[in-house]
Structure formats: C-alpha cells, structure tokens
Amino acid sequence: MSAVVACARTWLGTPYHHQARAKGVGVDCAGLVIGVARELDRVAPGFDIEGYARQPDGWSFLAWSDQHMRRIARAQMAPGSCVVVRFGRHPQHIGIVGDYLHGGLSIIHAMVGRGVVETRLLLDNNMQFVAAYALPEEGAWRS
C-alpha cells in the first residue's frame with residue numbers, strides 16, 4: 001500500500017475546519033494534502049497555502065496545484081495520487097486517491113460537516129474530474 005494512502009488514513013475522523021492543518025483537531029481539503037505531504041517529507045515543514053475563501057475561485061486553486069505537484073493523466077491516477085474535482089463550474093476540492101475496500105478507487109478527503117472520510121471515488125455529474133497529480137518525491141524540496 002502507498003505510504004501516502006497509509007498516512008492519509010491516519011487523518012480519518014479529523015473534524016473539518018476551514019484553513020486548519022492539525023491532525024485530530026481540524027483540517028480542510030487542501031490542509032489534508034499539505035499535512036500528509038509534510039508528514040512524508042514531500043514539502044518543506046513550513047510549506048502552506050493561505051488566504052483562500054471557503055468557496056475558492058477554482059482557477060487559482062488549480063494553478064497552485066500545477067505549481068506544487070506534477071500533473072498526471074487521469075489513466076495514471078492510482079492510490080497515493082491527488083485528485084482535483086468540481087461540484088459546479090469551478091475546480092474546488094482536492095483529495096488523496098486510495099484503494100477502495102471493494103475494488104476500484106477511493107478518495108480520502110475533508111468534507112464540511114463530516115471531516116476526513118474515505119469514500120468510493122465516483123466521478124460522475126456530481127463529482128467531476130478536473131485533474132490528477134503526483135505529490136513531490138520525499139525530500140525533493142531540499143534540492
């Protein structure tokens with residue numbers, strides 16, 4: 001199993017809190033990805049993104065993802081990848097791809113009102129695929 005997935009699962013049950021970054025205390029969707037990346041030494045310890053609205057405009061969110069992660073094809077998406085989705089017109093949500101217990105893929109993500117959960121990754125008219133990413137390699141930020 002991917003170290004990224006195993007680490008993300010240690011965040012399950014963390015309550016949702018906009019712009020928080022504390023496992024077991026509070027986190028949002030971007031904070032989950034940042035927290036996992038920090039724990040696995042994929043980004044500098046102080047790495048963060050701040051000042052975004054509860055409803056991000058989406059395009060700056062996608063630009064941030066492009067700047068800090070490597071975009072991969074949807075077909076390459078696998079456990080340990082990150083996936084950006086939209087529920088309306090704009091990209092607005094990110095999660096970590098896992099391996100679903102009953103086959104297929106799951107998404108580990110922070111949801112308003114539910115906190116960090118793992119659910120089957122169902123990309124359809126409600127949760128629409130925008131982009132997939134690979135996190136930086138361990139220690140890459142040092143180079």
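## What counts as a salt bridge

A salt bridge is a side-chain nitrogen of Lys or Arg lying within 4 Å of a carboxyl oxygen of Asp or Glu. Side chains of opposite charge can pair when their charged atoms come close. Keep that in mind as you look at the structure above, which is a predicted model.

R38 and D48 fit this description: their closest N and O atoms are 3.5 Å apart, so the two form a salt bridge, being within the 4 Å cut-off. The pair links distant parts of the chain, with R38 in helix 2 and D48 in the loop between helix 2 and helix 3, 10 residues apart.

## The overall fold

Let's step back to the whole protein. Its secondary structure consists of three helices and eight strands. If you walk along the sequence, you meet them in the order α-β-β-α-α-β-β-β-β-β-β.

How does the radius of gyration fit a compact globule? For 143 residues, such a globule would have a value near 15 Å, and the 14 Å of this protein agrees with that. Along the principal axes, the C-alpha atoms fill a box of roughly 40 × 35 × 30 Å.

## Inside and outside

Of the 143 residues, 47% count as buried. The accessible surface comes to about 7,200 Å², and carbon and sulfur atoms account for 53% of it.

Contacts also tell you about the fold. Taking those between residues at least 6 apart in sequence, 56% join residues at least 24 apart.

## A small network of charges

The protein has 14 positive and 12 negative charges, and the mean positions of the two sets are 5 Å apart. The structure holds eight salt bridges. Four residues, R21, D28, R38 and D48, are linked in a network of them.

Within this network, D48 also meets R21, with 2.8 Å from N to O. Here D48 in the loop between helix 2 (29–39) and helix 3 (59–68) is joined to R21 in strand 1 (residues 21–22), 27 residues apart. Which of these side chains are buried, and which are partly exposed? R21 is buried, at 17% relative accessible area, while D48 is partly exposed, at 27%. R38 is partly exposed as well, with 27% relative accessibility.

## A bridge across the sequence

Another salt bridge joins R142 and D41, whose closest N and O atoms are 2.9 Å apart. R142 sits in the segment after strand 8 (128–134) and D41 in the loop between helix 2 and helix 3, so this pair ties together parts 101 residues apart in sequence.

The two partners have contrasting surroundings. R142 is exposed, with 55% relative accessibility, whereas D41 is buried, with a relative accessible area of 17%.

Key: Residues numbered from 1 in each chain as written. Predicted model: local features only at pLDDT ≥ 70, side-chain atom pairs only at ≥ 80, totals over all residues. Heavy atoms only, no water. Helix = DSSP H or I, 4+ residues; strand = E, 2+ residues; numbered from the N terminus. Rg over C-alpha atoms; globule rule 2.2 N^0.38 Å. Buried < 20%, exposed > 50% of the residue type's maximum accessible area, 1.4 Å probe, protein only. Contact = heavy atoms within 4.5 Å. Areas by Shrake-Rupley, 256 points an atom, 1.4 Å probe, with all protein chains shown as cover. Lys, Arg positive; Asp, Glu negative; His and termini not counted. Charge placed at Lys NZ, Arg CZ, Asp CG, Glu CD.
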